[in-house]
Amino acid sequence: QQETKQCPDQKVVGRIPPDCEYAPCPDPFYDKQLAKDLENMLKETQNSPETDFPGTTLYVSSPILGNWSGAAGKANIKHSIPMRPDDKFRAASTLKPFISVIILQLAEEKQLKLDDPISGILPENVYGRFEHGDQITIRMLLDHTSGIPDWLIWRTNIQILTNPGKVWSNKKILDISASQE
């Protein structure tokens, strides 16, 4: 029996066997050779002896070529559940470089200045929670010198581990961070 799976943000519905190690989810307009190359790259990465993670997903979007999603490996090792292209991950610190690049691009385009205070771009109920919040600059956030405490303390780490599907609101994250002062 096959499972019908809807690809994220795409119009394609693919038939994916439950025991499938690799689940491609190509856009019908995506370049077929490039899709095959991406599929092979995922398989090779997952099968490499240097790989120390059980599974991975990849999403590629191009205004010219279209969208492509794929997955390789296991989402759950114990139950041998394969990864799916629409599996979700906690991004955590992996987003920091991407956000930094976007901020630096905006600075390069003169849409903001790194030494601008965050009070000019964030509401007071965000920056006002922290001591000297009105003096914190974008550069200080990027440099991790703002003095804003981390919200990932032992209590929240335990909650994340025991309930990994929980979605944390911005308000809750700010509440936890502000309580560390």
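This passage describes the pockets of the structure and a nonpolar patch on its surface. The model is predicted; local features need pLDDT of at least 70 and side-chain atom pairs count only at pLDDT 80 or more, while totals for chains, interfaces and linings use all residues. Residues are numbered from 1 along each chain as its sequence is written, and side-chain values use heavy atoms, with hydrogens and water left out.

The largest pocket (on a 1 Å grid over the protein atoms alone, an open set of points with protein on both sides within 12 Å along at least five of seven lines) has a volume of about 1,700 Å³, taken as the space filled by probe spheres set on the points. Its lining, made of residues with an atom within 4 Å of a point, comprises 39 residues, and Ala 92, Lys 96, Ile 99, Trp 151 and Ile 173 lie nearest the centre. At least two lining residues come from each of the helices α2 (96–108), α3 (124–127), α4 (138–143) and α6 (170–178), helices being DSSP runs of H or I with at least four residues. By class, 25 residues of this lining are nonpolar, 9 polar and 5 charged.

The second largest pocket has a volume of about 240 Å³. Gly 55, Thr 56, Thr 57, Phe 89, Arg 90, Ala 91 and Thr 94 line this pocket, giving 2 nonpolar, 4 polar and 1 charged residues; Gly counts as polar.

Ile 99 is placed in helix α2 and is partly exposed, with a relative accessible area of 44% (partly exposed lies between buried, under 20%, and exposed, over 50%, with a 1.4 Å probe and protein chains only).

Technical notes
1 Å grid on protein atoms, 1.4 Å probe; cavity = no way out; pocket = protein on both sides within 12 Å on 5 of 7 lines; lining within 4 Å. Patch = residues over 30% accessible without salt bridge, like charges linked within 9 Å, V, L, I, M, F, W, Y side chains within 5 Å. Areas by Shrake-Rupley, 256 points an atom, 1.4 Å probe, with all protein chains shown as cover. Salt bridge = Lys/Arg side-chain N within 4 Å of Asp/Glu carboxyl O.
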